[in-house]
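Subject: Structure handover

Hello,

Here is the structure I promised to pass on. Please open it beside this email and follow along.

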Amino acid sequence: MGSSGGGIERKLADHPKLPKDKTVAVVVLDGWGEASPNQYNCIHAADTPTMDSLKKGVPERWRLVRAHGTAVGLPTDDDMGNSEVGHNALGAGRIYAQGHTRTLWDHNKTETRDGDKGDQNSEKAEALEVAQTQDAKTDFRRSVDEAEEDSEEETDELEAKLVDNALASGKIYEGEGFKYINECFEAGTFHLIGLLSDGGVHSRLDQLQLLLKGACEHGAKRIRVHILTDGRDVLDGTSLGFVQTLENDLVKLREKGVDAQIASGGGRMYVTMDRYENDWNVVKRGWEAHVLGEAPYKFRSAVEAVKKLREETNADDQYLPPFVIVHDNGKPVGPIVDGDAVVTFNFRADRMVMLAKALEYEDFDKFDRVRFPKIHYAGMLQYDGELKLPSHYLVSPPEIERTSGEYLVHNGVRIFACSETVKFGHVTFFWNGNRSGYFNREMEEYVEIPSDSGITFNVQPKMKALEIAEKARDAILCRKFHQVRVNLPNGDMVGHTGDIEATIVACKAADDAVKVILDAIEQVGGIYVVTADHGNAEDMVKRNKRGEPLLDKNGNIQILTSHTLHPVPVAIGGPGLLPGVRFCKDVPDGGLANVAATVMNLHGFEAPSDYEPTLIEVADN
Ligand SMILES: O=C(O)[C@H](O)COP(=O)(O)O
Ligand SMILES: [Mn+2]
Ligand SMILES: [Mn+2]
């Protein structure tokens, strides 16, 4: 991943009309979409005078862009956006096929697909009801055979969808990564660790199903799956259905003589899937459950674990405590030991990098691993091309190269990027094409503000927005940088908690932060670009096909914790912007990828010819 450097022309042509050396603030409001005003639109409900003023200001300098589906490289326009694809598009200026996000839901949706978000939500909600009321024999999730059929269909239908293609064609089993894993099948256990849902943001159930089947066909005799329950990219409460589907598949494998079981698990936000080193305790809990076979909760089955933990600890899917599955004698069914093979089946990097380090690095001081088994470990993808982590992987990641950051730095633009820990990699790693580190340490400074850890962000909805804004302000006022880029996490991180009151506070905090940055831009005669990576806080309720809020059996509103399909705003302005600069009318379907060329223009450069077109033009006044 990342830019390869040498040989490729990095010199940008001067923009014929726009000056260089202006300070440009690029502000990404995470999870800030545009939706109709109502009580579940937390952005509307919040006091957001700064963002309101941008919308109500110069009409040619505020517009919406698409932040989901094909606009960000996802297979269909029923796919919600996410931070990875959003920041990739914003930073790279081109739409990369992010083919890993096809979901089983999409197949269900093909009959009714009309781009209406209400359809998506209502189908999910209807399925949730099914999940809650039917037993493990339900057809709520389909079997591995059906998943395989669909995967084959998809290959014809979609281009270069990396993991899907590798699974459908069988190439995944011919690659170096799988061969390395395969070496342990004779004597060891094959472990799979990852997020169990069809959310399609970090992983996908049907890919796991195919990989399990394929591994057995290639000689795996003993399999243990370590599951992380979701409730964040999918509805809370759906994990039970996913576990039941997986259990059904494992029963079938056992009938074929494979010793296959779920061995451990926990909720994704509390166990294993931390990111950007915000809280190593999360990964430690995962290590103890998955590797050591130790956890505070022990069950005979994962279905029982999810049911009981939800009931008895009151935890939702995202925050289920760690558990292990044990034999009658209380011994764990599947700790990871010398000679075993391990695959982390998430394709998205940010929340797997930390576990990958724990599984791979001989020298490791983040927590006491107690034992460091000698295993063969591979990621579904290589998660960090710069670190070459993990060194073995099943599918090669897409090469996102020649990102706007690399071009701009090469052309003398000094860049400052900042966010708090939970989003720090979004404006650095994702922005730069899933590449960690600087392009040029002399020209760039990346500042990470430590996030609160060990809390859900509805408890501290203001998060570090003000601190991020103050760092950005200082970076602007010191005049050392041409681009000052931030991510303000509030709308997204608090929106994922499903807490409407807190999300309203979060949106106000993000708006306050934007004001601090715009005030600084005003002082230095600079330019601002304010946008978002995808929707979240602007719609917090599940809706039926008519767009009406859905109620659960008790008559309560069903809360939507996931992202949305809504477009996001882009606003430009500031005293440094020439009076004739305005959004052009000939990019009506513009998406996030058009922002990179726009920003390059505002720095005084033409974008490379293969970038998505700029959103702006300069009218002669
Ligand atoms: O990892 C997460 O928090 C969610 O799955 C997706 O949110 P993000 O794409 O905004 O990071
Ligand atoms: Mn995001
Ligand atoms: Mn999010």
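Helices and strands here are DSSP runs, helices of at least four residues and strands of at least two, numbered from the N terminus. Keep in mind that this is a predicted model.

**The annotated domain**

Start with the record. UniProt, in an unreviewed entry, lists residues 163-384 as "domain: BPG-independent PGAM N-terminal". Over residues 163-384 the chain is 35% helix and 18% strand. The C-alpha atoms at the two ends of this stretch are 17 Å apart.

**The sheet**

Next, look at the strands. Seven of them form an open sheet. Their order is 2-15-14-1-13-11-12, and the pairing is mixed. Strand 2 (62-65) and strand 12 (444-449) are the edge strands, so each pairs on one side only. From one strand to the next, the twist averages 15°.

Strands of a sheet pair through backbone hydrogen bonds, either parallel or antiparallel. In which sense do strand 1 and strand 14 pair? Strand 1 (residues 24-29) and strand 14 pair in the parallel sense, over six bridges. Find Leu29 and look across: Ala532 in strand 14 stands opposite.

**Manganese ion, ligand 2**

Now the metals. Which residues are the protein donors of the manganese ion (ligand 2)? They are Asp30 (OD), Ser83 (OG), Asp533 (OD) and His534 (NE2). These donors lie 1.9 to 2.1 Å from the ion. Their spacing in sequence is D-x52-S-x449-D-H. One pair of donors links distant parts of the chain. Ser83 is in helix 3 (residues 83-92), while Asp533 is in the loop between strand 14 and strand 15, 450 residues apart.

Are Ser83 and Asp533 buried or exposed? Buried means under 20% relative accessible area. Ser83 has 2%, so Ser83 is buried. Asp533 has 0%, so Asp533 is buried too.

**Manganese ion, ligand 3**

The manganese ion (ligand 3) is 4.2 Å from the manganese ion (ligand 2). Asp492 (OD, listed twice), His496 (NE2) and His563 (NE2) coordinate the manganese ion (ligand 3), at 2.1 to 2.4 Å. In sequence, the donor residues are spaced D-x3-H-x66-H. His496 lies in the loop between helix 18 (490-495) and helix 19 (500-524). His563 lies in the loop between strand 14 (527-532) and strand 15 (568-573). The pair therefore ties together parts that are 67 residues apart in sequence. His496 is at 3% relative accessibility, so His496 counts as buried. His563 is at 6%, so His563 counts as buried as well.

Why is the arrangement around the manganese ion (ligand 3) irregular? Ideal angles at a metal are 90 or 180 degrees for six octahedral donors. The six donor atoms around the manganese ion (ligand 3) subtend angles of 56 to 167°, which makes the arrangement irregular.

**The cysteines**

How many disulfides are there? A disulfide needs two cysteine sulfur atoms within 2.5 Å. By that rule the count comes to zero. Take Cys216: the closest cysteine sulfur, in Cys184, is 15 Å away, which is too far for a bond. Cys216 counts as buried because its relative accessibility is 18%. Cys507 is in no disulfide either. Its nearest cysteine sulfur is that of Cys42, 5.7 Å away. At 0% relative accessibility, Cys507 counts as buried.

Best wishes

Conventions. Residues are numbered from 1 along each chain as its sequence is written. Chains are lettered from A and ligands numbered from 1 in the order in which they are written. This is a predicted model: local features need pLDDT of at least 70, side-chain atom pairs count only at pLDDT 80 or more; totals for chains, interfaces and linings use all residues. Side-chain values use heavy atoms; hydrogens and water are left out. UniProt positions are given in the numbering used here, feature names are shortened, and annotations may be inferred rather than shown by experiment. Donors are N, O and S atoms within 2.8 Å of the metal (3.2 Å for Na, K and Ca); water is not among the atoms, so sites may look incomplete. Four donors count as tetrahedral if all angles lie between 85 and 135 degrees; four count as square planar and six as octahedral if opposite donors are over 155 degrees apart and all others between 65 and 115; anything else is irregular. Buried means under 20% relative accessible area, exposed over 50%, partly exposed in between (1.4 Å probe, protein chains only). Two strands pair if DSSP finds at least two bridges between them. Axes are lines fitted to C-alpha atoms, for helices over the stretch in contact, and angles run from 0 to 180 degrees between N-to-C directions.
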